[in-house]
Amino acid sequence: MQQSNQERWRKPERISGSEILLRSLLLEGVECVFGYPGGALLYIYDAMHGNPDFHHLLTRHEQGAIHAADGYARATGRTGVCLATSGPGATNLVTGIATAYMDSVPLVVITGNVATSLIGTDAFQEADIIGITQPITKHSYFVRSAEELAGVLKEAFYLAGTGRKGPVLVDIPKDVSADTAVFHYPDSVVVRGYEPIPPFDRAAVEEFMNVLAGAERPLILAGNGVVQADASQELLWLAEQAQIPVTTTLLGLGGFPGHHPLWLGMPGMHGTYAANQALLHCDLLLSVGARFDDRVTMKLEGFAPNARIAHVDIDAAELGKLVPTLLPIRGDAKQALAAMNELISQEAYSRREAFGPWIIQCASWKEEKPLRYTQSEDSLKPQYVIELISKTTDGEAIITTDVGQHQMWTAQFYRFKHPRSLITSGGLGTMGFGFPAAIGAQIGRPDRLVVSINGDGGMQMCAQELAVCALHRIPVKIVVINNQNLGMIKQWQEIVYDRRYSHIDLSGSPDFVKLAEAYGVKAWRASTAAEAEQVWQQALQTKEAALVEFIVDKDELVLPMVPQGMALRDMIVEVSRP
């Protein structure tokens, strides 16, 4: 059946640019396009009418569409696709494009534009979306004719999904979507000067292994690149064979099992005591697919001060960009880790017994100052809610988050077992991302439980997408951690700005239970631990979408914390209050 469809879609006949677009997307294996129509897209949406092969999901805002495409891409490892009209439709995608760009997410972003004869005339709903987004796309195309559309789309998918992945924009004027051309979709594409995976530098890997043989306190810092390269198994083998402790960045969570004794937790601003102490005391740091973000390193002068640093990254621009790198290894993380595993089995590199005292030391840090909180009977702590979700899903769910305190509590207290299980805006920190991303993740992974964890602020930036869940029976479980304020801003104002609270009160927020029910989504509320357990079980047993609002302590802090501008050694483990 699939072969006959391929033959039908590839048929070389004269068709419209809109039909060329749809056929090209089908030939790329696109399962769903997330979009919102407008005037510049009318020919394209008309071509969708009555097309049984093409699946389009109408969101309630363009930003919801691109975040859903992003969540789909992160959950599946495939390229996400979204579609929006010219002018305000296209500009509503900008935050989502930047979100994907910062986190290296493969997207093909398709925008309509005014007719080519009107470009540059300030026509109705005209915007230079290529100029606007140039700094936040991997590449952009302005399609000038129907004849070039198929080739452009083939290149766009190739660029988005290879090398250091990222969003590619394809801007299609309205007359191009109406014009006709003979359809021919290329089997392959070559982009001059583009080298997605560089030649493997085995000598650099062997040099690292020689340095490892002389180390006493090695540490692995695993980032988003491990997840993107599907290199989690290779990372696990290396850590276990060599007995090297592992810390994972926010976007690397799930790339190494959260229950493993060698895992130290997340490092950085809200990292664990054990992970940050390991960074301070290690003598060799192997960073794999992590870009030394400022929320991980904090003050650079205090980051891994005793370590020689080896860095594996597919993007040469990241090597040595922020920290002095003794051993840069440009290449695919999976390939590099596989080579290390091959070498570690050789007697010359086998020193796992020598790292015993270091393993013991790291374990003692975990025991000395673990993550902690105190839960009482008559209130509800947000950390308890995250632990409840983790235990009841056994770490098997796909978790999406918005941005803020709940995001950090999720990173701290949910034990991720698998890669592509945490979907969150790490680089840009986009509020309103989590819930639409969960919709995309559920579309891409209907076999998995998807839980969207949101704050009461971010949920109000995307609540209209509840209609999509209800209408299409998308069974996302939606969590609202309601502390009645902008929690992370409040925390900074308490610790850094001497409790001078300014514009963080979210009084007047809607009743989230009634709001969900108004959209046709079942909903519950809890304000104690006992209520939380009861209503969460009800939500899990619901076969359709469900929302649970957890009313939590509004003064709770995310700890530990390293204030901005301070070094890892300046970690605050507890805060005394008057």
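**Salt bridges, cores and cysteines**

At 37% relative accessibility, Arg525 counts as partly exposed in this predicted model. Glu549, by contrast, is buried, because its relative accessible area of 3% falls under the 20% cut-off. The side chains of these two residues, Arg525 and Glu549, come together in a salt bridge, with 2.9 Å from N to O. Arg525 belongs to strand 18 (residues 522–526) and Glu549 to strand 19, so the pair ties together parts that sit 24 residues apart in sequence. Elsewhere, salt bridges with shared partners join up Arg164, Asp315, Glu318 and Lys321 as one network.

Across the structure, the count of salt bridges comes to 29. One of them is formed by Arg330 and Glu195, whose closest N and O atoms are 3.6 Å apart. Arg330 sits in strand 13, while Glu195 sits in the loop between strand 8 (180–182) and helix 10 (202–213), so this pair ties together parts 135 residues apart in sequence. Arg330 is partly exposed, at a relative accessible area of 29%, and Glu195 also counts as partly exposed, at 40%.

Another pair is Arg577 and Glu494, whose side chains meet in a salt bridge at 2.8 Å, N to O. Here, too, distant parts of the chain are linked: Arg577 is in the segment after strand 19 (546–551) and Glu494 is in helix 21 (residues 487–495), with their positions 83 residues apart. Arg577 is partly exposed, with a relative accessible area of 41%, whereas Glu494 counts as buried at 6%.

Back to strand 13, the home of Arg330. This strand (residues 327–330) has two faces: Leu327 and Ile329 make up the covered one, and Pro328 and Arg330 the uncovered one. Strand 13 pairs with strand 12 (residues 308–313) in the parallel sense, over 4 bridges. Within that pairing, Arg330 of strand 13 is the bridge partner of Asp313.

What does the covered face of strand 13 meet? Both of its residues, Leu327 and Ile329, are touched by Phe208, which also touches Leu284, Leu286, Ala310 and Met340, leaving aside residues up to four places away in sequence. Phe208 is in turn among the residues with the most contacts inside the largest nonpolar core, together with Leu285, Phe303, Met340 and Phe550; this core has 101 residues. Its largest share, 7 residues, is supplied by helix 15 (residues 333–344). A second core of 49 residues lies apart from this one, with Tyr72, Ala100, Cys462 and Ala523 among its members. As a rule, nonpolar side chains in soluble globular proteins tend to be buried together.

That leaves the cysteines. How many disulfides does a search of the whole structure find? The search turns up 0. Take Cys32: the nearest cysteine sulfur is that of Cys82, and it is 11 Å away. A disulfide calls for sulfur atoms within 2.5 Å, so Cys32 is in no disulfide. Cys32 counts as buried, at 2% relative accessibility. The story is told again by Cys469, which is in no disulfide and has its nearest cysteine sulfur, that of Cys462, 10 Å away. Cys469 is buried too, with a relative accessible area of 1%. Cys462 itself is one of the residues of the 49-residue core.

Methods
Residues numbered from 1 in each chain as written. Predicted model: local features only at pLDDT ≥ 70, side-chain atom pairs only at ≥ 80, totals over all residues. Heavy atoms only, no water. Core = buried A, V, L, I, M, F, W, Y, C linked by side-chain atoms within 4.5 Å. Buried < 20%, exposed > 50% of the residue type's maximum accessible area, 1.4 Å probe, protein only. Contact = heavy atoms within 4.5 Å. Pairing = 2+ DSSP bridges. Salt bridge = Lys/Arg side-chain N within 4 Å of Asp/Glu carboxyl O.
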